[in-house]
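Okay, thanks for coming, everybody. I'll put the structure up and then we'll walk through it together.

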Amino acid sequence: MNDVLNPFVLSCRRLSKVYAGSSEDVWVLRDVSFDLGAGESVAIVGASGSGKSTFLHLLGGLDQPTSGDVLIAGRSWQTMSENERGLWRNRHMGFVYQHHHLLPEFTALENVAMPLLVRGLPRQEAEVEAREWLERVGLGHRLLHTPSALSGGERQRTSVARALVTRPACILADEPTGNLDRQTAGQVFAIFRELSVQSGVAFVLVSHDPDLAAQLDRTLRLQDGVLSSASF
Ligand SMILES: Nc1ncnc2c1ncn2[C@@H]1O[C@H](COP(=O)(O)OP(=O)(O)OP(=O)(O)O)[C@@H](O)[C@H]1O
Ligand SMILES: [Mg+2]
């Protein structure tokens, strides 16, 4: 299937994930189907342990489903080698996690430039782009700080810049503001949403915060392995 036949940046078809338990199997996802249109924003909500992170890992090709399939930009993870998956992720996707996952020994500028270096961009060009994105998230004055010398909100803004720097088709964000106080969380989320919308980047956001979820195009609830429309 190619990009022309599948208009969605991300699709999953009858996706299931079962963990084998000691007494019984745990069905985290049961035949979940989902499409994400270009530029669309979707919130995933659900109780702790309902499978939100598992779902995002499967969408990102970071975990194997028990059955079903995930297509990114029209290509199935199943058809790719691990190496190809890495390249496809770098080309089409960005990730933001609850814990920043920045490389501790590198500066904010180097962390944000990293996905472009992985793509083979010369260092100078990568750093020009990285600087631009750090300025957009309000960190033009923190370029040379390492993660330990940044505040929690600054670290997450750096993670947002790193996710956007490759201009991906979609971003998967797992509680990106979950570790921040409410005010900082609101500020980081506003920057993330505004820049994604401006850039036409679709995103799937896992959040416990109904106020944040309400600002997106759609909210879906994961419960008992089933994904369905939700309203607060
Ligand atoms: N590797 C694993 N082996 C067995 N069970 C697992 C594994 N990973 C997750 N689970 C189980 O799958 C279920 C879903 O976990 P998951 O981390 O996706 O939930 P979540 O919705 O992200 O929760 P939270 O809101 O607390 O982050 C949980 O019951 C968890 O214990
Ligand atoms: Mg989780």
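So, let me start with this: which residues are around ligand 1? Just keep in mind that what you're looking at is a predicted model. Going along the chain, we've got Tyr19, Val26 and Val28, then Gly46, and then the run Ser48, Gly49, Ser50, Gly51, Lys52, Ser53 and Thr54. Sorted by type, that shell comes out as three nonpolar, seven polar and one charged. Both E2 and H1 put in at least two residues each, and H1 is the one that gives the most, with three.

Okay, on to the sheet. We have four strands in an open sheet, ordered E2-E1-E4-E5, and the pairing is antiparallel. Strand E2, residues 26-36, and strand E5, residues 75-76, sit at the edges with a single partner strand each, so one side of each has no neighbour in the sheet. Inside, E1 (residues 10-19) and E4 (residues 67-72) run antiparallel and are joined by five bridges. If you want one to look at, Ser11 has Leu71 in E4 as its bridge partner.

And where's H1 in all this? Helix H1, residues 52-59, lies across E1, E2 and E4, and runs at about 125 degrees to E1.

Last thing, the core. The largest nonpolar core has 58 residues, and Leu59, Val112, Leu134, Cys170, Ile171 and Val204 have the most contacts inside it. Take Leu134: leaving out residues up to four places away in sequence, Leu134 touches Ala108, Leu109, Val112, Leu139, Gly140, Leu143 and Ala161.

Note on methods:
Residues are numbered from 1 along each chain as its sequence is written. Chains are lettered from A and ligands numbered from 1 in the order in which they are written. This is a predicted model: local features need pLDDT of at least 70, side-chain atom pairs count only at pLDDT 80 or more; totals for chains, interfaces and linings use all residues. Two strands pair if DSSP finds at least two bridges between them. Two residues are in contact if their C-beta atoms, placed from the backbone, lie within 7 Å. Axes are lines fitted to C-alpha atoms, for helices over the stretch in contact, and angles run from 0 to 180 degrees between N-to-C directions. A residue is near a molecule or strand if its C-beta atom, placed from the backbone, lies within 6 Å of it. Ala, Val, Leu, Ile, Met, Phe, Trp, Tyr, Cys and Pro count as nonpolar, Asp, Glu, Lys and Arg as charged, and the others, Gly among them, as polar. A nonpolar core is a set of buried Ala, Val, Leu, Ile, Met, Phe, Trp, Tyr and Cys residues joined through C-beta atoms within 7 Å. A residue is buried if 20 or more other C-beta atoms lie within 10 Å of its own, exposed if 12 or fewer, and partly exposed in between; C-beta atoms are placed from the backbone.
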